[in-house]
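Hi there,

Here is the structure I promised to hand over. Please open it alongside this email, and then read on for the notes.

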Amino acid sequence: MSKLPTVLASLQFPVIGAPLFIISQPKLVIAQCINGVVGSMPALNARPASQLDEWLAEINEGLAAHNRAHPDRPAAPFAINQIVHKSNPRLLEDMALCVKYKVPLIITSLGAREEINQAAHSYGGVVMHDVINNKFAHKAIEKGADGLIAVATGAGGHAGLKSPFALVQEIRQWFQGPLALSGAIASGNAILAALAMGADFAYIGSAFIATEEARASVEYKQGIVACNSDDIVYSNYFTGVHGNYLAPSIRNAGLDPEQLPVSDPTKMDFASDKPKAWKEIWGCGQGIGVIDRVQSAAALIDQLKAEFLAAKLRIR
């Protein structure tokens, strides 16, 4: 296991909740953190932009209240996801608020910029950058990221095609800092497997969509429960970047999941004549086959912890 910064070294359960576009908000983040998992949300989920100030205050106050009431089991740290892409006009404004509230962990996606890393480091924050291959991993660390999130095949939303075995072992040949693994992780068994491969943390997203605190539609949550990996479609049509989506939502939009056009991969493409990714076209990972009900975030985390412990006992 790698040497971890203090904010991550104190984590009792090796799980980071992935930021879910549109879906994550303070209620889910707080529920994740007080139950021992790093909770996260994209800054862009706060709309209008001024709402981010309110939400960061709400999260800080909620976690502080929990810690005062439960000093024996303090909350896990939380993270804010920044989309570091030229299509995001709010990046610097949102990052200034992260500095104001001293957000413990910044997760950067779709680009790496030194000034964003420096802003986080100015108050002692830690930056983890998500990558789909070893080349991007090198670039992220060269530009000052502290850790990496290896987004392997099967991850929900924007994802790569690398096997987790290949991606983790290639990164671990040269990088010994914080490493999380993303891709079809929805059980305690998979969490243990991620650690066995060399990751420090499992990065879990889709399983949290089917929780009571998630800001997703009833239909979306039930789709997660009803579907499995056969229902996941990998396409770049909706945003210009390849991602995994639930086939039923594509059919509901009047499209054939097996006959989707290809978008220009050189730019983010959110054309108005397309169904909206995340809102109408539901992002989802391949691990959903083990999700059989909608439950609270606390119940899901308890289940993951029990499965993780049972898996550890089996291999001893």
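Below is what was found, sheet by sheet. Please keep in mind that this is a predicted model.

**The eight-stranded sheet**

Let's begin with the open sheet of eight strands, which pair in parallel and follow the order E1-E9-E8-E6-E5-E4-E3-E2. At its edges stand strand E1 (15-17) and strand E2 (39-42); each has a single partner strand, so one side of each is left without a neighbour in the sheet. From one strand to the next, the twist averages 25 degrees.

**Around E6**

How many of the residues of strand E6 are buried? Five of the five, across residues 147-151, so E6 is largely enclosed by the rest of the structure. If you colour the strand by side-chain direction, you should find Gly147, Ile149 and Val151 pointing one way, while Leu148 and Ala150 point the other way, and all are buried.

E6 has strand E5 (residues 126-131) as a parallel partner, with four bridges joining the two. Within that pairing, Asp130 has Ile149 in E6 as its bridge partner. To get from E5 to E6, the chain passes through helix H6 (residues 134-142), and this β-α-β crossover is right-handed.

E6 also pairs with E8, again in the parallel sense and over four bridges. Here Leu148 is matched with Leu179 in E8, its bridge partner.

**From E8 to E9**

Moving along the sheet, strand E8 (residues 179-182) runs parallel to strand E9 (residues 201-204), and three bridges join them. One position to look at is Ser182, which stands opposite Tyr203 in E9. Packed on the sheet in this region is helix H8 (residues 188-197), which touches E1, E8 and E9. The direction of H8 makes about 135 degrees with that of E9.

**The three-stranded sheet**

There is also an open sheet of three strands, this one with antiparallel pairing and the order E7-E11-E10. Which strands stand at its edges? They are strand E7 (157-158) and strand E10 (232-235), each with a single partner strand, so one side of each lacks a neighbour in the sheet. Four bridges join E10 to strand E11 (residues 243-246), and these two strands run antiparallel. Among the paired residues, Ser235 has Gly243 in E11 as its bridge partner.

Happy to talk any of this through once you have had a look.

Best wishes

How values were computed. Residues numbered from 1 in each chain as written. Predicted model: local features only at pLDDT ≥ 70, side-chain atom pairs only at ≥ 80, totals over all residues. Heavy atoms only, no water. Pairing = 2+ DSSP bridges. Axes fitted to C-alpha atoms, helices over the stretch in contact; angles between N-to-C directions. Contact = heavy atoms within 4.5 Å. Buried < 20%, exposed > 50% of the residue type's maximum accessible area, 1.4 Å probe, protein only. Right-handed = clockwise from strand over helix to strand, strands pointing away.
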